[in-house]
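I opened this model to look up its charged pairs first, and then its overall build and some of its helices. The notes below follow the order in which I looked.

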Amino acid sequence: TFPDELNYGLGLAAAATAGGQPTAALETVAQLRLLPDPLSEDPRIDLAEAAAAGLAAQLERQAAAAGRAATKAEIADAPLLHARALVSQAPALRALGRLREAEQAANRAVGLYTTFAQPTGRAEALTAKASAQFDLSRYDEAAEGYEEVAEIFRDLEDRGGLASALNNLAVVKKRQGDSAQASALYRETEQIYQEIENPRGL
């Protein structure tokens, strides 16, 4: 049946993207566009396109597809899908130099994930927001964002996420001229990665 074809196709596209095959994923997306309405207008198809386009470094396409997904999800009153789309759109906008748009998209996602108590999504959105703020040379705000992300991952006991947040924070501190703090954060990051790779200390 058609709904089953949609879900199967979305799974194929996701697997292709995860496997580093964006061309195959985009070919699957093109086939999903041929499904009858309203299935062909499902925002998840746009999200799949955005993910594959991002992997292929097709930034304009990624931003446009994620933007379509965000609009459709908002109209459909699907807030978490809306947030996912905004988080997909933000890094593409940032890479295109559309920094204020990237910050705004990420900020909207932060609000949605906060409302629906989704800490992992909130951390991802905060990271995208802080990254845009860093590129805008608003280092204090970026640092605050990365610090909040670090606290979220501490609470979740997500060591990999914590290490990434601390590394981002170290970059900001170095840019601010705080070499001592940056060095301490880099050391903590390295220690966490070593623990992840070698959890028994062998």
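Entry 1, a charged pair. I began with E74, which at 45% relative accessibility counts as partly exposed, where buried means under 20% relative accessible area, exposed over 50% and partly exposed in between, with a 1.4 Å probe and protein chains only. I kept in mind that this is a predicted model, in which local features need pLDDT of at least 70 and side-chain atom pairs count only at pLDDT 80 or more, while totals for chains, interfaces and linings use all residues. I also noted that residues are numbered from 1 along each chain as its sequence is written, and that side-chain values use heavy atoms, with hydrogens and water left out.

I then looked for the partner of E74 and found that its side chain meets that of R108 in a salt bridge at 3.1 Å, N to O; the term stands for a side-chain nitrogen of Lys or Arg within 4 Å of a carboxyl oxygen of Asp or Glu. R108 lies in helix 6 and E74 in helix 4, so the pair ties together parts that are 34 residues apart in sequence. R108 is partly exposed as well, with a relative accessible area of 42%.

Entry 2, the pairs of E49. I asked myself which side chains E49 meets in salt bridges. One is that of R61, at 2.8 Å, N to O, and this pair links R61 in helix 4 (residues 59-75) with E49 in helix 3 (residues 43-55), 12 residues apart. Another is that of R68, at 3.0 Å, N to O, a pair that likewise joins helix 4 to helix 3, with the two positions 19 residues apart in numbering. I checked the exposure of each: E49 is buried, at 7% relative accessibility, whereas R61 is partly exposed at 34% and R68 is partly exposed with a relative accessible area of 34%.

Entry 3, the network. Following these contacts outward, I found R33, E41, D46, E49, R61, R68 and K72 linked in a network of salt bridges, and for the model I recorded a count of 17 salt bridges by this rule. E41 sits in the loop between helix 2 (22-32) and helix 3, and at 44% relative accessibility it counts as partly exposed. E41 and K72 are 31 residues apart in sequence and 8.2 Å apart in space, C-alpha to C-alpha.

Entry 4, the whole chain. I counted 10 helices and zero strands, taking helices (H or I, at least four residues) and strands (E, at least two) as DSSP runs numbered from the N terminus. The C-alpha trace spans about 60 × 45 × 30 Å along its principal axes. Of the 202 residues, 44% are buried. For contacts, meaning heavy atoms within 4.5 Å, I noted that residues 24 or more positions apart account for 53% of those with a separation of 6 or more.

Entry 5, helix 6. I compared the reach of helix 6 (residues 99-115) with the expected span, which is 1.5 Å times one less than its number of residues; its 17 residues reach 24 Å from first C-alpha to last, close to the 24 Å expected at 1.5 Å a residue. Its buried residues are L99, A102, E103, A105, A106, A109, V110, L112 and Y113. An α-helix has 3.6 residues a turn, so residues three or four places apart point the same way. Helix 5 (79-95) and helix 7 (119-135) are among what covers the buried residues of helix 6. Just after this helix, A117 takes a positive phi of about 50 degrees.

Entry 6, helix 8. I repeated the check on helix 8 (residues 139-156), whose 18 residues reach 26 Å from first C-alpha to last, close to the 26 Å expected at 1.5 Å a residue. Y139, A142, A143, G145, Y146, V149, A150, I152 and F153 are buried there, and the cover over the buried residues of helix 8 includes helix 7 and helix 9 (159-175). E157 follows helix 8 with a positive phi, near 60 degrees.
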